[in-house]
Amino acid sequence: MTLAQTQGDRVGLGLAYAGAGMLLMSIMDTIVKWLSTGYPVSEILVFRNLFGLLPLLVALAMTGGVKTLRTSQPLLMCLRALFALGAGFMFFAALRTIPLADAFALAFTSPLFITALSVPVLAEKVGIHRWSAVILGFLGTLVILRPTGQTFDPAALLVIGAALCYAMVMLLTRKLAPGNTTLSMMIWTAVISLGISGAIAPFEWVAPSGADFTLLAIMGLIGSAGMFLIGQGYRYAPAAVIAPLDYSVLLWGVLFGWLLWQELPDQYVWIGAAVVATSGIYIVQRETRRTAA
């Protein structure tokens, strides 16, 4: 095989990994929305982290054991876990009332927050092109939110908060990456999130039925599997190639929302999502070119 063919195969493999991961994460969020009216968010988070932790521990046992969890930056590890917990809590809480596709569209603001916050958090320089894309993206968010319209749902602000927290998770991941493995960061996050949600859940626990218990377990397992596959996607293909695929979750959100709740996003959600997605893709491609230069 030629070098070009080999590289093409790796990019194709990366796209396949990332696409499968996006689908699994969309299914996880769909299960959360399905169960959210009957169970408190803290309980859902317990199952998400408990069953999500199991495959991570298996991977840990196969790749060096507990010693690989040692870190010289425990405070940053804890801070990353707290932001991840905050993102999960707010997003899951919003899914109680927000249509699935609308929530996914609003979550597209995360790359915009990453760009804006990379200046104070990582001391990175952001040029006029990326700042323009950030501003355009937030204008698209206003189209989705329609803060002065009668259809505005205040719970949508929870999704924006979740996107902000997720952006901090990604920025702290960049900061921690040189001295810590992805697996160790995921396990730290899962253990801390499980501890905090587990301390809250007993006060509002609702005993799940057999079918719901199965769904909760599946939700946790595929959450970790989805994150792993997305990570593999970025390992095999450039971020600029994978980034457009991130927005496929909107299509899955439309499909699952229509099948299960007869939800269909209106024209404002489509228009705003297109603006936000275009801004996010431009930012990733601009960042990729800047890094390669």
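**Buried residues, ring pairs and salt bridges**

Phenylalanine 256 has a relative accessible area of 16%, so it counts as buried (buried means under 20% relative accessible area, exposed over 50%, and partly exposed in between, with a 1.4 Å probe and protein chains only). The model is a predicted one, so local features need pLDDT of at least 70 and side-chain atom pairs count only at pLDDT 80 or more, while totals for chains, interfaces and linings use all residues. Residues are numbered from 1 along each chain as its sequence is written, and side-chain values use heavy atoms, with hydrogens and water left out.

Aromatic rings come next. Rings of Phe, Tyr and Trp (its six-membered ring) pair if their centres lie within 6.5 Å; planes under 30 degrees apart are stacked, over 60 edge-to-face, and the rest tilted. By this rule there are 10 aromatic pairs. One of them joins phenylalanine 108 and tyrosine 247, and with ring centres 4.5 Å apart and planes at 85 degrees this pair is edge-to-face. The two rings come from distant parts of the chain, 139 residues apart: phenylalanine 108 sits in the loop between helix 4 and helix 5, and tyrosine 247 in the loop between helix 10 (239–246) and helix 11. Helices here are DSSP runs (H or I, at least four residues), as are strands (E, at least two), numbered from the N terminus. Phenylalanine 108 is buried at 6% relative accessible area, and tyrosine 247 is buried too, at 13%. Another pair, tryptophan 252 with phenylalanine 256, is stacked, with 5.9 Å between the centres and 20 degrees between the planes. Tryptophan 252 and phenylalanine 256 are four residues apart in helix 11, so about one helical turn separates them. As a rule, an α-helix has 3.6 residues a turn, so residues three or four places apart point the same way. While phenylalanine 256 is buried, tryptophan 252 is partly exposed at 28%. Elsewhere, ring pairs link Phe47, Phe51, Trp205 and Phe213 into a cluster.

Charged side chains make a short list. The structure has two salt bridges (a side-chain nitrogen of Lys or Arg within 4 Å of a carboxyl oxygen of Asp or Glu). In one, glutamate 263 meets lysine 33, with 3.8 Å from N to O. This pair again bridges distant stretches, 230 residues apart, with glutamate 263 in the loop between helix 11 (248–261) and helix 12 (267–292) and lysine 33 in helix 1 (residues 3–35). Glutamate 263 is buried, at 17% relative accessibility, and lysine 33 is buried as well, at 7%. Lysine 33 has a further partner: its charged end sits over the ring of tryptophan 261, 5.3 Å from the ring centre (a charge sits over a ring if NZ of Lys or CZ of Arg is within 6 Å of the ring centre and within 35 degrees of the ring normal). The other salt bridge brings together glutamate 124 and arginine 174, at 3.1 Å from N to O. Glutamate 124 is in the loop between helix 5 (110–122) and helix 6 (128–145), and arginine 174 is in helix 7 (residues 156–176), so this bridge ties together parts that are 50 residues apart in sequence. Arginine 174 is partly exposed, at 39%.

Some helices are worth a look of their own. Helix 4 (residues 100–107) has seven of its eight residues buried, so the rest of the structure largely encloses it. Those buried residues are Leu100, Ala101, Asp102, Ala103, Phe104, Ala105 and Leu106. Helix 3 (residues 74–94) has 21 residues and should span 30 Å at 1.5 Å a residue, which agrees with the 30 Å between its end C-alpha atoms (the expected span is 1.5 Å times one less than the number of residues). Its buried residues include Arg80, Ala81, Phe92 and Ala93.

Those four residues turn up again as contacts (heavy atoms within 4.5 Å). Leaving aside residues up to four places away in sequence, threonine 189 touches Arg80, Ala81 and Ala84. Threonine 189 belongs to helix 8 (residues 182–200) and is buried, at 11%. A polar atom of its side chain lies 3.0 Å from the backbone oxygen of methionine 185. Valine 41, in helix 2 (residues 41–62), touches Phe89, Phe92, Ala93 and Arg96, with the same sequence neighbours left out. Valine 41 is buried as well, at 7%.

Conventions:
A polar contact is a pair of N or O atoms within 3.5 Å; within protein, one must be able to donate a hydrogen and the other to accept it, and residues adjacent in sequence count only if both atoms are side-chain atoms.
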